[in-house]
Structure formats: C-alpha cells, structure tokens
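The following paragraphs lead the reader through one protein structure. They move from a single residue to strands, charged pairs and surface.

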Amino acid sequence: MFTLLHTSFFKSMATPFTLFLLAAALSPTVFSFEPAPLQDFCVAETSNQGSVRVNGMACKNPLFVQADDFFYSGLHVAGDTGNSYGFRVTPVTVYQVPGLNTLGLSMMRIDYALWGANPPHTHPRATEIFTVLEGTLQVGFITSDPQNRLITKVLQRGDVFVFPVGLVHFQRNMGHSNATAIAALSSQNPGVISITNSIFGSTPPISTEILAQTFGVDNKTVHLLKKKSTHV
C-alpha cells in the first residue's frame, strides 16, 4: 500500500516539476551568467538566430573565435549629451563584446552635460556599481513597496555607489562642469527600463484614461507627457 501511495504521489508531482525544468532549459530569453561553466567561453553568435541558445545567445564555434570577440574600443570618447535629458550612455554589453556571453558582467560610460540627468530607470537583470570619474553627481535609488525610501548621496570624483538589482535609480550632474562616470553591472545584458518612457511611451500606448486615473491628472496632461516622452 505504501509503495502504491509513494509512487502515485511522485507521479503527480513529476509532471509540473518536469514542465518547469523544461521551460527553464528551453527559454530563449534568459540572460543570467553560467555559475559553473562547462567550457572556457561562449562567444555570442548573433548571425544564426536558429542556433541553440545559452543564456539568450547562441555560442560561436570556438575554432572561429578571435581576439576581437573580447575587445571594445571607444570608452575614452565622450558621449553626445545634446538631448533633452543632457546625458548619454555608452554601453559595453554582450552586443558590443560577444565574448561577454554567459559571463555575467558588463560596463558602461555615462556622460552628463551641466545639470544633465539620467532619469529614474531600472536594470531588471543587474546590480550596478557606479564610479565618478569627473564632476559632482547626486545619485539615489528607491526601495520597494511599502516603504519607498529614497536613498541618496552626492558623489565626488573617485566616489563609488551601488544600485541594487531591479530598484529604480537615477543620477544628476550637480557640479559646474560636465561629469563622467563608469559603471559595472552584474549581467552581460542588464536591460534598462526607463520609468517615463515605459509608462508614457509604450507601444501600443497605455490608455490615456488609465494613466489619468493613476496619476490623478486630466487627459490633457497625459497627452502632453506622452508627447514629451523621449527615447535616448
């Protein structure tokens, strides 16, 4: 009797558990790092979209891997901050350096015009460690519900700050000249969700009535905010 019950129980559990494992293994949009790699590297192969994917990118044949797959040049060049926000991000992710695939890290340069700001946004797949190279920057992040605490600090050259994974954060140039920072992130493809653009610039757009009700404003104000939504 015990054997029959024992077998029946595990059979009932096997189906959903097996489906979960299969879904996780076959998902083409996972961008985490490989904690125990079984090869030296997995250089991203973006030209063959039908290939078997590992952590979101297919692996190039190791025999065809070259030094340029692990190389990027350009972080010494200041980004163009001539936009409405007054900032520019120069990313170095798996899309710029295919050799980062499965390694779980990336970096970026951020340039800020005078009073320029990197507006509130999140990186859904990465923690960010941020270092000021030049200038004075106010930075901060907001904790999750229900506290919604603002954790903020003014940074000077050489200061370091950490933005925990998934939390809304921002930076603003508070100095009297342009500012520059370098950030490292714990994913080869950290992703970015701009709060303003995702809410007011989505495709297709969120209903004006829903946004008006959410923010306690009229439809005219929502239309104005949608019009001002800018992708940098």
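Beyond its neighbours within four places in sequence, Ser229 is in contact with Thr196, Asn197, Phe200 and Gly201. The model discussed here is predicted. Ser229 belongs to the segment after α4 (219–228), and the C-alpha atom of Ser229 lies 9.0 Å from that of Ser198, although the two residues are 31 residues apart along the chain. With a relative accessibility of 14%, Ser229 counts as buried, because the limit for that class is under 20%.

Contacts between distant parts of the sequence are also a feature of the chain as a whole. Of the contacts between residues at least 6 apart in sequence, 69% join residues at least 24 apart. The secondary structure consists of four helices and 13 strands. Of the 232 residues in the protein chain, 32% are buried. The chain exposes about 14200 Å², and carbon and sulfur atoms supply 63% of that area.

How are the strands of the open sheet ordered? This sheet has five strands in the order β9-β8-β11-β6-β13, and the pairing is antiparallel. Its edges are formed by β9 and β13 (193–194), each of which has a single partner strand, so one side of each is left without a neighbour in the sheet. Strand β8 (residues 137–142) is joined to β9 by six bridges in the antiparallel sense, and within this pairing Phe141 has Ile151 of β9 as its bridge partner.

Another strand of the same sheet, β6, spans residues 117–122 and contains Asn118. Is Asn118 buried or exposed? Its relative accessible area is 7%, which lies under the 20% limit, and Asn118 is therefore classed as buried. Leaving out residues up to four places away in sequence, Asn118 touches Phe87, Val89, Ile110, Tyr112, Phe170 and Gln171. Of these, Ile110 and Tyr112 fall within the range of β5 (106–112), and the loop between β5 and β6 holds Leu114.

Strand β7 (residues 128–134) takes part in two further pairings. With strand β10 (residues 160–163), β7 pairs in the antiparallel sense over four bridges. With strand β12 (residues 179–185), β7 shares six bridges, and these strands also run antiparallel. Ile129 illustrates both pairings: its bridge partner in β10 is Val162, while in β12 Ile129 stands opposite Ala184.

Aromatic side chains link several of these elements. The whole structure contains six aromatic pairs, and Phe130, Phe141, Phe161 and Phe163 form one aromatic cluster. Phe141, the cluster member whose bridge partner is Ile151, thus appears in both descriptions.

The charged side chains offer a second kind of pairing. Side chains of opposite charge can pair when their charged atoms come close. How many salt bridges does a search of the whole structure find? The search finds three salt bridges. In one of them, Asp69 pairs with Lys60, with the closest N and O atoms 3.1 Å apart; Asp69 is buried, its relative accessible area being 9%. In another, Asp111 pairs with Arg109, with the closest N and O atoms 2.9 Å apart. Both partners of this pair are buried, because Asp111 has a relative accessibility of 4% and Arg109 a relative accessible area of 10%.

The side chains of Arg157 and Glu134 also meet in a salt bridge, at 3.7 Å from N to O. Arg157 lies in the loop between β9 (150–155) and β10, whereas Glu134 lies in strand β7, so this pair ties together parts that are 23 residues apart in sequence. Arg157 is exposed, with a relative accessible area of 61%, and Glu134 counts as partly exposed at 39% relative accessibility.

The final topic is the surface. Which residues make the nonpolar surface patch of about 280 Å²? Leu114, Trp115 and Met174 make this patch. Leu114, from the loop between β5 and β6, counts as partly exposed at 46% relative accessibility. Residues qualify for such a patch at over 30% relative accessible area, so the value for Leu114 meets that requirement.

Definitions and conventions: Residues numbered from 1 in each chain as written. Predicted model: local features only at pLDDT ≥ 70, side-chain atom pairs only at ≥ 80, totals over all residues. Heavy atoms only, no water. Helix = DSSP H or I, 4+ residues; strand = E, 2+ residues; numbered from the N terminus. Buried < 20%, exposed > 50% of the residue type's maximum accessible area, 1.4 Å probe, protein only. Contact = heavy atoms within 4.5 Å. Areas by Shrake-Rupley, 256 points an atom, 1.4 Å probe, with all protein chains shown as cover. Pairing = 2+ DSSP bridges. Salt bridge = Lys/Arg side-chain N within 4 Å of Asp/Glu carboxyl O. Phe/Tyr/Trp six-rings, centres within 6.5 Å; stacked < 30°, edge-to-face > 60°. Patch = residues over 30% accessible without salt bridge, like charges linked within 9 Å, V, L, I, M, F, W, Y side chains within 5 Å.
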